[in-house]
Every structure is written in structure tokens, then in C-alpha cells.
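Please examine the sequence and the structure shown below. The report that follows describes how the sheet and its helix are arranged.

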Amino acid sequence: MALSDVAVRTAKPREAVYRFADGRVPGLALEVRTTGGKFWRLRYNYDGRANMMSLGEYPAVGLADAREKALAARKQLDAGQSPVQQ
């Protein structure tokens with residue numbers, strides 16, 4: 001199921017860090033920290049290893065922007081390049 005602006009805006013902190021996955025872009029998730037901070041993360045595999053990269057902090061980076069950044073990183077992966085090294 002795809003994330004919505006309302007779900008992102010109303011996500012509340014819990015006792016432990018948790019993530020909401022976005023159903024539109026593979027690997028994209030909103031990480032909600034115990035302090036209430038919300039960060040966009042992208043999980044991906046590169047060179048046979050699992051990796052995670054940060055795409056920015058909400059609300060400075062909104063849902064649409066996070067999806068664009070994640071899709072751009074996926075294109076780099078498809079071209080055989082590491083999105084973190086770019």
C-alpha cells in the first residue's frame with residue numbers, strides 16, 4: 001500500500017524506531033524515530049550487499065520529493081552505479 005501525505009504527517013513516535021514502507025517505490029520507507037524525527041530511507045542491494053541510504057528529513061523533503069529521489073537512485077542502480085557514490 002502506498003504512503004499518503006496524511007499518513008506521513010500524522011506518524012507518531014513510539015518506544016522504538018519504526019518504518020512505513022511506500023508501496024509505489026521499492027525500498028522507500030519513512031523512518032520515525034523515538035524523538036519524533038522523520039527521515040526518508042531507501043533500502044537497496046548493490047554489489048551483492050544490502051545497503052540503506054538517506055534521502056532527507058521530513059518535512060523538508062516531502063513524499064513526492066522522496067519518491068523522485070528514490071526513483072533516481074533506482075535508475076543509477078539499474079545502470080550499475082552506486083547511488084551513494086554519485
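## Strand pairing

Strands β1 (18-21) and β2 (residues 28-32) pair in the antiparallel sense over four bridges; two strands count as paired if DSSP finds at least two bridges between them. R19 has E31 in β2 as its bridge partner. Helices (H or I, at least four residues) and strands (E, at least two) are DSSP runs, numbered from the N terminus.

This is a predicted model, in which local features need pLDDT of at least 70 and side-chain atom pairs count only at pLDDT 80 or more, while totals for chains, interfaces and linings use all residues. Residues are numbered from 1 along each chain as its sequence is written, and side-chain values use heavy atoms, with hydrogens and water left out.

## The sheet

The open sheet consists of four strands in the order β1-β2-β3-β4, with antiparallel pairing. Because β1 and β4 (49-58) stand at the edges with a single partner strand each, one side of each is left without a neighbour in the sheet.

## Helix α2

Helix α2 (residues 63-78) has its buried residues (under 20% relative accessible area, 1.4 Å probe, protein chains only) at L63, A66, R67, A70, A73 and L77. Seen down the axis of α2, these fall within an arc of 125 degrees, so they line one face of the helix; the arc is that of the directions from the helix axis to the C-beta atoms. The face turned away from this buried side carries E68 and K75, which are exposed (over 50% relative accessible area).

Just after α2, G80 takes a positive phi of about 85 degrees.
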